[in-house]
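Me: Hi! Could you walk me through this model? I'd like to go over the packing, the cavities and the charged pairs.

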Amino acid sequence: MRKFWRSAAECLVASLALASLTVICLRLHVNIATAGLLFVIVIVIISRVGSLVSSVFTAIIAALCLVNIAPPAFSLAVDDPLDIVAILAFLVTSLVIAGLVSRVRKQAEEALSSVSYRVIEAEEQERRRIASDLHEDIGQRLTLLVLEVEQLKADTPTADVPSGLDGLLQKSSEILTDVKALAHELYSPRLEYLDIAGVMSSFCIDFGKRKGVEIDFRNDGLPGRVPQDTTLCLFRVLQEALHNAVKHSGVRQFDVRLWGTSDEIHLTVSDCGVGIDLETARNEGLGLNRIQERLKLVKGELSMESQPKRGTTIHARVPVSSGTDSMRSTG
């Protein structure tokens, strides 16, 4: 439905532009060749930014405007057969141009999506590698350190236990906990065996305990099977949104909602904090650029609402039909 209204808006803009140009050409007594060149420029612009449907519509309207400019003016009748040939040639050329520009734009978008997909895929592979190193190398070594300190404490008579040993043991345990949490944020094994609601619920619980905040997570109406790429994408959106909320909102309570409709999956992360300046957030990023790139690969969209002293809401939505197949088709 959004695509329909977008195409309708593009057709309306094109019609207004062509109508304005037609009036100007008639007032200035511009010849049909010059008017045709101006109309071609409009067609190229619409083809560059709009859909193929709006481009074809613009070409047809432009041809009708040329008919109105050709003698006799202000009439849909054309007396000169050469003008008829010229208008038909213009229409065919305009349709060809619209098709070519739309095709080139689509190929450029597919190439960009392919590059973005490979970059994100490489990022996920690197996340998994680092998480594995943290868990299996550094994490294991810290675990052994904690066990050795505990054993040293147990083997040492109480009177001879150094005063700082308990503090050392506590700090080692805290570092071990932080390393495990970092490894799970980089790549969570739960993504492989839990559904999207289970993964997000577990993350909210762990994140809330680690950051000392309260997160109210709810889910409703989700489809039976969500593609793995959609799950991973929305999980990363949740991570980024919660980190930003904790850092910038100034509050310690957050709401996370995950729900599905007949054709989309929605995720919102809300707070009642100080709010943020949306223009600054878009310019400075706050991780939103990475979120938007990920969502584009699964044909999703991101929106954000914020008001001073009334909080911020991040809203991501992804079509149910998107996911692994749609992402890999761009590769």
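**Packing, cavity and salt bridges**

Reply: Happy to. Let's begin with Leu242: beyond its neighbours within four places in sequence, Leu242 is in contact with Phe203, Cys204, Phe207, Ile215, Phe254, Val256 and Val269. Keep in mind that this is a predicted model.

Me: OK, and which residues touch the most other members in the largest nonpolar core?

Reply: Leu242 is one of them, along with Leu234, Leu238 and Val256, in a core of 48 residues. Helix H8 gives the most to this core, with 10 residues. As a general point, nonpolar side chains in soluble globular proteins tend to be buried together.

Me: How many residues are in the second, separate core?

Reply: That one has 22 residues, including Cys25, Ala62, Val78 and Ala98.

Me: Switching to holes. How many cavities of 30 Å³ or more are there?

Reply: The count comes to 1, with a volume of about 180 Å³.

Me: What lines that cavity?

Reply: There are 16 lining residues, and Asn244, Ala245, Ile276, Thr312 and Ile314 lie nearest the centre. The elements giving two or more residues to the lining are helix H8 (228-248), strand E3 (264-271), helix H10 (288-297) and strand E5 (311-319). H8 supplies the largest share, 4 residues.

Me: And how does the lining split by class?

Reply: It has 9 nonpolar, 6 polar and 1 charged residues.

Me: You mentioned E3. What about Thr268, is it buried or exposed?

Reply: Thr268, which is found in strand E3, is buried, because its relative accessible area is 10%, under the 20% cut-off.

Me: What is Thr268 in contact with, leaving aside neighbours within four places in sequence?

Reply: The list for Thr268 is Asp255, Val256, Arg257, Trp259, Thr313, Ile314 and His315. Two of those names come back as a charged pair: the side chains of Asp255 and Arg257 meet in a salt bridge, at 4.0 Å from N to O. Asp255 counts as partly exposed at 28% relative accessibility, and Arg257 is partly exposed too, with a relative accessible area of 21%.

Me: Good, let's stay with charges. How many salt bridges does the structure hold?

Reply: It holds 15. In general, side chains of opposite charge can pair when their charged atoms come close.

Me: Any that link strands? What does Arg317 pair with?

Reply: Arg317 forms a salt bridge with Glu301, and their closest N and O atoms are 3.3 Å apart. Arg317 lies in strand E5 and Glu301 in strand E4 (residues 301-307), so the pair ties together parts that are 16 residues apart in sequence.

Me: Are those two ends buried or exposed?

Reply: Arg317 counts as buried at 18% relative accessibility, whereas Glu301 is partly exposed, with a relative accessible area of 33%.

Me: And within a helix, what does Glu126 bridge to?

Reply: Its partner is Arg129, with the closest N and O atoms 2.5 Å apart. Both residues lie in helix H4 (residues 81-155), 3 residues apart, which is about one turn of the helix. Glu126 is partly exposed at 36% relative accessible area, and Arg129 is partly exposed at 42%.

Me: Last one: which residues are linked in a network of salt bridges?

Reply: That network links Glu123, Glu124, Arg127, Arg236 and Arg294.

Key
Residues are numbered from 1 along each chain as its sequence is written. This is a predicted model: local features need pLDDT of at least 70, side-chain atom pairs count only at pLDDT 80 or more; totals for chains, interfaces and linings use all residues. Side-chain values use heavy atoms; hydrogens and water are left out. On a 1 Å grid over the protein atoms alone, a cavity is a set of points where a 1.4 Å probe fits but cannot get out, and a pocket is an open set with protein on both sides within 12 Å along at least five of seven lines; lining residues have an atom within 4 Å of a point. Grid points are joined across faces, edges and corners, and a volume is the space filled by probe spheres set on the points. Ala, Val, Leu, Ile, Met, Phe, Trp, Tyr, Cys and Pro count as nonpolar, Asp, Glu, Lys and Arg as charged, and the others, Gly among them, as polar. A nonpolar core is a set of buried Ala, Val, Leu, Ile, Met, Phe, Trp, Tyr and Cys residues joined through side-chain atoms within 4.5 Å. Buried means under 20% relative accessible area, exposed over 50%, partly exposed in between (1.4 Å probe, protein chains only). Contact means heavy atoms within 4.5 Å.
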